[in-house]
Amino acid sequence: MVRVAKPPKPPEPIRHDESVPGPAQAAQIALLVMKKVGCQTWKDVVEKASNTDLRTKVILSPEQQALIDEYADIIPYLSTSPLVTVVACPLCGRYGLQDRRSAGSRCIFTMRCPGKPVKGSSTPKAQTRTKAEPPDDSSGDVPDPAEADVAEAAPPAGADGLYD
Ligand SMILES: [Zn+2]
């Protein structure tokens, strides 16, 4: 039996949260693309795409591509480190940029809007399937500082004595 070379594994599809407003979805997709290809900004992704075939690393559904196109005006402002994402109000539809802090509980865009703003996550939507899968860190990706969305990095313990 002859073993033939395996074709390259297609990239994992990006899982984003389709329940949040469009701008927050677009931000999440863009941030996940940046992480997948090892870039911190969309500009870096575009530059990388000019000399690398990124389709071997990342694949978007037509819906995801459409969201990226629709919100192409804000995506260049996003960054994975330091985190810059989008916060969007599901009620009045307005949106803006947001750092890693919480989106808050009140709409900041429209006076007296009772909407609760939603942030575009920088992590993939959790899979809802029952089968538990270990996180996929087999690809040897660059470390992922934006993963520390909630926990601020603490200085290493015992570093004080270093400068004595
Ligand atoms: Zn609002």
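What pattern does the protein chain follow, read along the sequence? It runs α-α-α-β-β-β-β, which comes to 3 helices and 4 strands. Helices (H or I, at least four residues) and strands (E, at least two) are DSSP runs, numbered from the N terminus. This is a predicted model, in which local features need pLDDT of at least 70 and side-chain atom pairs count only at pLDDT 80 or more, while totals for chains, interfaces and linings use all residues. Residues are numbered from 1 along each chain as its sequence is written.

How sure is the predictor, and where does its confidence drop? The pLDDT, the predictor's confidence in each residue on a scale from 0 to 100, has a mean of 84 for the protein chain, with 77% of residues at 70 or more. It stays under 50 over residues 138-142, a stretch with 2 contacts beyond four places in sequence. Residues 145-155 also stay under 50, and there the model has 12 such contacts. A contact here means two C-beta atoms, placed from the backbone, that lie within 7 Å.

Now for the inside of the protein. Of the 164 residues, 28% count as buried, meaning that 20 or more other C-beta atoms lie within 10 Å of a residue's own (12 or fewer is exposed, in between is partly exposed, and C-beta atoms are placed from the backbone). In soluble globular proteins, nonpolar side chains tend to be buried together. The largest nonpolar core (buried Ala, Val, Leu, Ile, Met, Phe, Trp, Tyr and Cys residues joined through C-beta atoms within 7 Å) has 29 residues, of which A30 and V33 touch the most other members. At least two core residues come from each of α1 (22-37), α2 (42-51) and β2 (83-88), and α1 gives the largest share, 9 residues. Leaving aside neighbours within four places in sequence, V33 is in contact with I14, V45 and V58.

Helix α1 also meets α3 (residues 62-70): their axes come within 9 Å and cross at roughly 105°. (Axes are lines fitted to C-alpha atoms, for helices over the stretch in contact, with angles from 0 to 180 degrees between N-to-C directions.) On the α1 side, G22, Q25, A26, I29 and A30 make the contact, and on the α3 side Q64, L67, I68 and E70 do.

Strand β4 (residues 118-119) holds V118, which counts as buried because 21 C-beta neighbours sit inside 10 Å. Not counting residues up to four places away in sequence, V118 touches V20, P21, A24, V87, A88, P90 and A103.
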